[in-house]
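Visitor: I would like to take a close look at a single part of this model, and then see how that part sits among its surroundings. Please go through it slowly and keep to what can be computed from the atoms.

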Protein chains: 2
Amino acid sequence: MTNTNLDRLKTLLAEVDDLRKASTILFWDQRVMMPPGGAQARAEALATVGRLTHEKFISQEIGDLLGELDEGDYDYESLEASLIRVTRRDYEKAVRVPPELTGEMRHSAAIALSAWGPAKQNSDFKALLPHLERNLELRRRYVECFPKQAETYDVLLDDYEPLMKTAEVRAIFDTLKEELRPLIREVADAGEVDSSFLHGDFDVQKQREFAFRVVRQFGFTDDEWRLDETPHPFMSSPGEGDIRLTTNYRPTELNSIFASMHEFGHGIYERGVAPELHRTPLGTGVSLGVHESQSRSWENLIGRSRAFWRHFYPSLQETFSEQLGEVDEEAFYRAVNKVHPSLIRIEADEVTYNMHIILRFELEQELIEGRLAPKDLPQAWGERMHEYLGIDVPDDARGVLQDMHWAGGSLGYFPTYSLGNVISVQIWERLKEDVGDVDDQMERGEFGEIREWLRSHLYVLGRKFTPQETIERVTGSRIDSRPYVRYLREKLAPQHA
Amino acid sequence: MTNTNLDRLKTLLAEVDDLRKASTILFWDQRVMMPPGGAQARAEALATVGRLTHEKFISQEIGDLLGELDEGDYDYESLEASLIRVTRRDYEKAVRVPPELTGEMRHSAAIALSAWGPAKQNSDFKALLPHLERNLELRRRYVECFPKQAETYDVLLDDYEPLMKTAEVRAIFDTLKEELRPLIREVADAGEVDSSFLHGDFDVQKQREFAFRVVRQFGFTDDEWRLDETPHPFMSSPGEGDIRLTTNYRPTELNSIFASMHEFGHGIYERGVAPELHRTPLGTGVSLGVHESQSRSWENLIGRSRAFWRHFYPSLQETFSEQLGEVDEEAFYRAVNKVHPSLIRIEADEVTYNMHIILRFELEQELIEGRLAPKDLPQAWGERMHEYLGIDVPDDARGVLQDMHWAGGSLGYFPTYSLGNVISVQIWERLKEDVGDVDDQMERGEFGEIREWLRSHLYVLGRKFTPQETIERVTGSRIDSRPYVRYLREKLAPQHA
């Protein structure tokens, strides 16, 4: 059935998507390539393109077309129905926000991001504070564009995890707190795992070669992927067939390998979205939580598994023979899975990681509800770190300044990381039922069938369904923290047995 | 005097400029960073951003504001008068062209550019031919948007060298042909200069370090500049304080140093534009000819001078001691200034270079007037190379496929290179009168006063005046080929004495 209204809608949405892709490149370039002197011009370009994208999307014509189109005319699972349904929801949200505010938020975020790097480097919270205050003020104006929700934070969360409510997240996180805090104590009581050999002299060029080797074996190819270096790794996809990972090489640690695997997980999700969804609002991952489930799968469920290291450890050991020559595979496996409270979220182990997220989730709610002023963040951060992980924060660089999210204007983003952990194990369990000999394949260094299962069951769907629908289609159940807790308990069992 | 109409015009023009900056980054990234798989999505993004930029610029509101504003209310030299005057001319041209055509031209060019690389690599003209035909067809439609000119080519030329006519260029080029063809023969009769040592083993990493050293001494700084690698070097400026050069390192030649100096010349021009002109249509170089005068100044008038090499040669010799250890400064100077007909434009010496341009200038006129079909380009190219330079073209990679311009949809661009040569010497003569001890400064490796003279006399003007006005303000005369011919004759005199 041809439908000229639908064709016209697709044409208009394709243009909006082109503009989003332009912003993606402006943003990627800002973080990976741009000399600092370009910050002001870039903030202006990002603001203008962001505002125009917004204006284009909430145009009268798109509104009229959505008014005339009826998703009920099509099968619920069809591209057509999904396109109308998802676009309608996006539109109804977007039309409430003045494009000028979008532009202002983009501009403020771009300027704040440029200030964040030096502020972090100098551990100078005061230098970032006015930017955080400005971002928060703009976020408050943003929240006011929407009808009152059960909780103010619901509005923020919805941008990253559509249709998820703060109360649901809190329930999941309460379970995690309850389960993980005793687990962290048990692990501590069982005595320290030796991970001293993970700190030392790891030649950056060799790390780079190893990171490339791993992601290539996962499915990275030069004709469609890049892997660059940034202080704070991220993934960016400025087009179908153009997937960009970044990682961070440090001469004293092997973190680059795990960061590369993490970003690969984000990238392969984007790469797997069905081709017919590109240049529509459906052509990307369904939510940040589900996205994170894939980065965490490739980083942790694959990249910190025994099977993975059975394959890769001999060559890692050979590459860094001075550091690892005397370290056997089991000792290495235990070290990279060591549970130990630490200061930096992105370096945290699989268990304590969630406490870092819960801390941010709580502070974000207090910020947006006005119960906490940005100027008091360092103190609140320190207190909560002490409470949840029992450690003291020596400086803001290793505290509240460590992440770029708040500088980038993202409030409501953090909880999706732990939701991703939870979802990752739900999906992984289904994958293992279907694929069967997952561990054997990983031991052989084969990742094609794993990747293909994830692509055909999850990645291909893009944003056709809601996050909850997507999770249910793939796993057969709603979001559920029990498999994740079980996975952690099992993984750590021998360690504190 | 405040003028709300003018302020509003500035606001609208700033947005247009932001969109242009977005295109600049999309284009730079396409050529320097993008994996090949991103070509389709990038072509779409470039087309959409290009079309929207055009739509924004020819908006009713800008038209109305220009109708109400009168440049006569301001001093001719003021920012206000220039802004109204130059914008009006741009607007009157742009309003004739349908934005859809702009989008199509952008799209076709982006796709053709992606095809050009492989076509050149495989010397496969047929692979590029349909793209050239499409570009030419779109260019014809573009020409038809404008009133009939004395010559069809006038319309194309005006986009790169505003207000210049084909007949004027032809007159200048006829003089160059007349003067340079006998000069090329004289030089040939005087016997071959030894340049064999310029071909050999030149470590790429050492070349990179040397190129950086030179441009740093010229004025490149890490906080505002980049120098990357591309097959076909270019300069790009996506914002004030964000200047990007590219060069091309080959393990058997030193071309990277000259390419880097060339692109530095383009970059320092953009960097020197007066700050108050940024985010307006005045905030860039005035024409490609004047732009090229600066790239050629820094590459040739500075970078191939005796004084420059008196400073840099000892360290170059030390860097490549195996290749250059036995080569004295004078021999090196003569070798990098050797006049000898060759196949590749960007590697050509200062004299024969112009014959490469004249060839392209003539073929472009024949193409747009329909006297030459794209499919017949290789043959026409070969015949003219034989006629003008007496050499045979072995394959299309070293013939018609060597330049990206036609693939990128640029027709009318080439003549600006030789105009740049001509203008460069006119400006340089004035600079030498004012600065005095230019050679002494270069011998000491000092370029600050040269750079500052060029900035304060030329770069700062941006597009405030017409190219001809700009040239006259700086040099006191109209464009004139005689100083350039005199410069070449003097430079080559000892060589064939």
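Which residues of β3(A) lie on one side and which on the other, and are they buried or exposed?

Guide: The model is a predicted one, and the strand you ask about, β3 of chain A, comprises residues 242–247. On one side of β3(A) stand A:D242, A:R244 and A:T246, on the other A:I243, A:L245 and A:T247, and all of these are buried, with the result that both faces are covered. This agrees with the count for the strand as a whole, in which 6 of its 6 residues are buried. The division into two sets follows a general pattern: in a regular strand the side chains alternate between the two faces of the sheet.

The partners of the strand come next. Strands of a sheet pair through backbone hydrogen bonds, either parallel or antiparallel. Strand β1 of chain A, residues 225–229, is joined to β3(A) by 5 bridges, and these two strands run parallel; within that pairing, A:W225 stands opposite A:I243. Strand β2 of chain A, residues 235–239, is joined to β3(A) by 3 bridges, and here the two run antiparallel, with A:G239 standing opposite A:D242. The hairpin of β2(A) and β3(A) has 2 residues between the strands, and in it A:G241 takes a positive phi near 80 degrees. Because 5 of the 5 residues of β2(A) are buried, that strand is largely enclosed by the rest of the structure.

Chain B can be read in the same careful way. There, 3 strands form an open sheet in the order β1-β3-β2, and the pairing is mixed. The edge strands of this sheet are β1 (225–229) and β2 (235–239) of chain B, each of which pairs on one side only, and the twist averages 20 degrees from one strand to the next. In chain B, 3 bridges join β2(B) to β3(B), residues 242–247, and the two run antiparallel, while B:G239 stands opposite B:D242 in β3(B). Across β1, β2 and β3 of chain B lies helix α10 of chain B, residues 255–272, which runs at about 160 degrees to β3(B).

Returning to chain A, we can place the strand within the wider division of the chain, which is split into domain 1 (4–148) and domain 2 (166–496). The C-alpha centres of domain 1 and domain 2 of chain A lie 26 Å apart, and 36 residues of domain 1 of chain A are in contact with 35 residues of domain 2 of chain A. On the side of domain 1 of chain A that touches domain 2 of chain A, the elements giving two or more residues are α1 (4–32), α4 (79–94), α5 (99–121) and α6 (125–144) of chain A. The residues of that side of domain 1 of chain A divide into 20 nonpolar, 8 polar and 8 charged.

Note on methods. Residues numbered from 1 in each chain as written. Chains lettered and ligands numbered in written order. Predicted model: local features only at pLDDT ≥ 70, side-chain atom pairs only at ≥ 80, totals over all residues. Pairing = 2+ DSSP bridges. Helix = DSSP H or I, 4+ residues; strand = E, 2+ residues; numbered from the N terminus. Axes fitted to C-alpha atoms, helices over the stretch in contact; angles between N-to-C directions. Contact = placed C-beta atoms within 7 Å. Domains from an automatic or database assignment. Nonpolar A, V, L, I, M, F, W, Y, C, P; charged D, E, K, R; others polar. Buried ≥ 20, exposed ≤ 12 C-beta atoms within 10 Å, placed from the backbone.
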